[in-house]
Amino acid sequence: MSLKRLALTERLEPYQSALNSCPTMQVEGRLTRVIGLTLEAVGCRMALGQRCQVILDNLQKIEAEVMGFDEEKIYLMPLMATQSIHPGARVLPLEGESLIPVGFNLLGRVLNGLGKPLDGKGPLKPDDYVGLTGHPINPLQRFPIKEPLDVGIRAINALLSVGNGQRLGLFAGSGVGKSVLLGMMTRFTSADITVVGLVGERGREVKEFIEQTLGEEGLKRSVVVAAPADDSPVLRLRAAIVCTRIAEYFRDQGKRVLLLMDSLTRYAQAQREIALAIGEPPATKGYPPSVFAKIPQLVERAGTDESGQGSITAFYTVLTEGDDQQEPIADASRAILDGHVVLSRKLAESGHYPAIDIEASISRAMPQIVDENHIEMAQQFKKIYSVYQKNRDLISIGAYQQGSDPATDEAIRLNPAMMQFLQQGLRESESLAKSVERLQALMAERQL
């Protein structure tokens with residue numbers, strides 16, 4: 001009896017393998033409406049954030065993401081251009097989340113918002129593929145910020161010291177040198193790896209930043225993710241998430257990562273485009289509430305890990321329209337970040353670079369990462385600088401009489417050396433130790 005069963009099993013085995021290889025039934029939907037950036041589909045059940053493909057008559061496939069729904073209607077946002085879309089186009093849900101390449105072979109490469117190469121250097125050779133959603137770290141288990149990070153910029157090292165795992169904003173209007181400052185930090189930093197996200201910038205600026213500002217030396221230990229302004233808002237959002245996810249991978253490998261994102265404002269504007277397109281009402285100056293929820297979700301992924309071996313130190317540029325520091329995105333970013341570096345248009349117009357406004361800038365982690373003597377010297381510097389700025393108009397027109405105020409006399413005497421201290425050449429690098437040494441020497445002149 002057992003022999004007969006064995007023979008029957010052997011005869012049925014080919015049919016069983018054939019059954020296993022049969023394709024399963026897939027439920028497809030169809031497009032019913034296109035309004036602006038939004039595609040409406042019916043006929044399939046998909047979850048928020050799920051991927052799908054819109055298949056056209058010419059068999060072209062356009063990837064889209066589910067951004068919302070209304071009863072049976074599903075709102076999709078395409079990742080790429082939407083030419084040739086027609087009514088009734090097939091909508092095919094995709095299983096699983098998007099995977100992006102990660103690994104040390106990505107150093108020196110330029111990727112787009114999908115994690116695909118933009119630089120024409122051939123296919124990527126990643127060490128692994130990971131999902132877009134990283135594992136959140138319990139805030140009570142994060143390693144505290146204790147060690148300073150050398151960014152190679154004298155004014156920041158000495159007066160706005162940055163710690164490993166700190167998150168800062170670079171607040172600036174257009175054309176005051178924020179991209180140049182980012183490029184200097186990329187070349188001069190003591191971090192192991194740099195990840196640069198160029199989100200919503202002009203295509204010309206992307207090429208200039210990579211070839212001129214970043215340079216060949218800076219690119220060698222960097223990964224650049226670029227989504228220019230003409231990319232879809234979903235792709236611009238994706239680019240910010242991709243560069244953050246790549247930075248998280250390197251942090252998990254125990255590396256000190258410097259994440260530079262230009263800009264957080266373009267990220268917020270991309271979310272605003274999506275939210276308004278699917279019908280979310282505007283709230284603060286045209287920004288829907290979801291924008292202010294997305295910013296902390298992105299920013300909080302940077303920082304230290306649980307062991308203290310790896311860290312992501314992040315600089316996010318924030319565009320202040322009309323140099324308005326109370327602009328909604330600037331105000332929301334300042335509240336969630338661990339400090340802010342403000343660039344002044346007045347200083348930039350006078351040829352003062354980097355145009356850092358020391359009075360308006362602060363590093364909230366500085367007291368935890370430097371000694372008391374360093375903090376005291378930085379406070380003395382800011383106090384003297386502030387005294388000069390308050391009396392600048394009187395001094396410039398000759399209305400101030402020397403000897404009227406000892407603090408002002410001291411500020412006038414030290415101002416040339418202080419202004420020289422704050423300025424730095426584009427190709428000039430100064431270490432953290434050297435920056436502190438020069439600050440100490442400058443403050444020692446107060447006794448002379």
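**Exercise 1. Which residues is Ser361 in contact with, leaving aside its neighbours within four places in sequence?**

Before we start, note that this is a predicted model, where local features need pLDDT of at least 70 and side-chain atom pairs count only at pLDDT 80 or more, while totals for chains, interfaces and linings use all residues. Residues are numbered from 1 along each chain as its sequence is written, and side-chain values use heavy atoms, with hydrogens and water left out.

Step 1. Find Ser361 in the loop between helix H9 (345-349) and strand E19 (362-363). Helices (H or I, at least four residues) and strands (E, at least two) are DSSP runs, numbered from the N terminus.

Step 2. List the contacts, meaning heavy atoms within 4.5 Å. Ser361 is in contact with Leu160, His340, Val341, Val342, Ile356 and Lys382.

Step 3. Look at the side chain of Ser361, which reaches the backbone oxygen of Asp357 at 2.7 Å. This is a polar contact (a pair of N or O atoms within 3.5 Å; within protein, one must be able to donate a hydrogen and the other to accept it, and residues adjacent in sequence count only if both atoms are side-chain atoms).

Step 4. Check the cover: Ser361 has 4% relative accessibility and therefore counts as buried. Buried means under 20% relative accessible area, exposed over 50%, and partly exposed in between (1.4 Å probe, protein chains only).

**Exercise 2. Compare Leu56 and Leu59: is each buried or exposed?**

Step 1. Place both residues. Leu56 lies in the loop between E3 and E4, and Leu59 is in the loop between strand E3 (51-55) and strand E4 (61-70).

Step 2. Read the accessibility. Leu56 is buried because its relative accessible area is 4%; Leu59 is at 64%, so it counts as exposed.

Step 3. Look around Leu56. Apart from neighbours within four places in sequence, it is in contact with Ile62, Gln83, Ser84, Ile85, His86 and Ala89. The C-alpha atoms of Leu56 and Thr82 are separated by 10 Å, with their places 26 residues apart along the chain.

Step 4. Turn to the backbone of Leu59: phi is positive, about 70 degrees, although Leu59 is not a glycine.

**Exercise 3. Find the cis peptide bonds that lead into Ser263 and Pro354.**

Step 1. From Asp262 to Ser263 the peptide bond is cis, with omega near 10 degrees. Ser263 sits in the loop between strand E15 (256-262) and helix H6 (264-277).

Step 2. Tyr353 and Pro354 are also joined by a cis peptide bond, with omega about -5 degrees. Pro354 belongs to the loop between H9 and E19.

**Exercise 4. Which residues of the largest nonpolar core touch the most other members?**

Step 1. Recall that a nonpolar core is a set of buried Ala, Val, Leu, Ile, Met, Phe, Trp, Tyr and Cys residues joined through side-chain atoms within 4.5 Å.

Step 2. Among the 59 residues of the largest core, the answer is Leu159, Met185, Phe315 and Phe381. Helix H11 (residues 372-390) gives the most to this core, with eight residues.

Step 3. Follow Phe315, which touches residues including Val151, Leu182, Met185 and Leu259.

Step 4. Add the second, separate core of 50 residues, which includes Ala268, Ile295, Leu298 and Val318. In soluble globular proteins, nonpolar side chains tend to be buried together.

**Exercise 5. How many helices and strands does the protein have?**

Step 1. The secondary structure comes to 14 helices and 19 strands.

Step 2. For the whole protein, buried residues make up 50% of the 448 residues.
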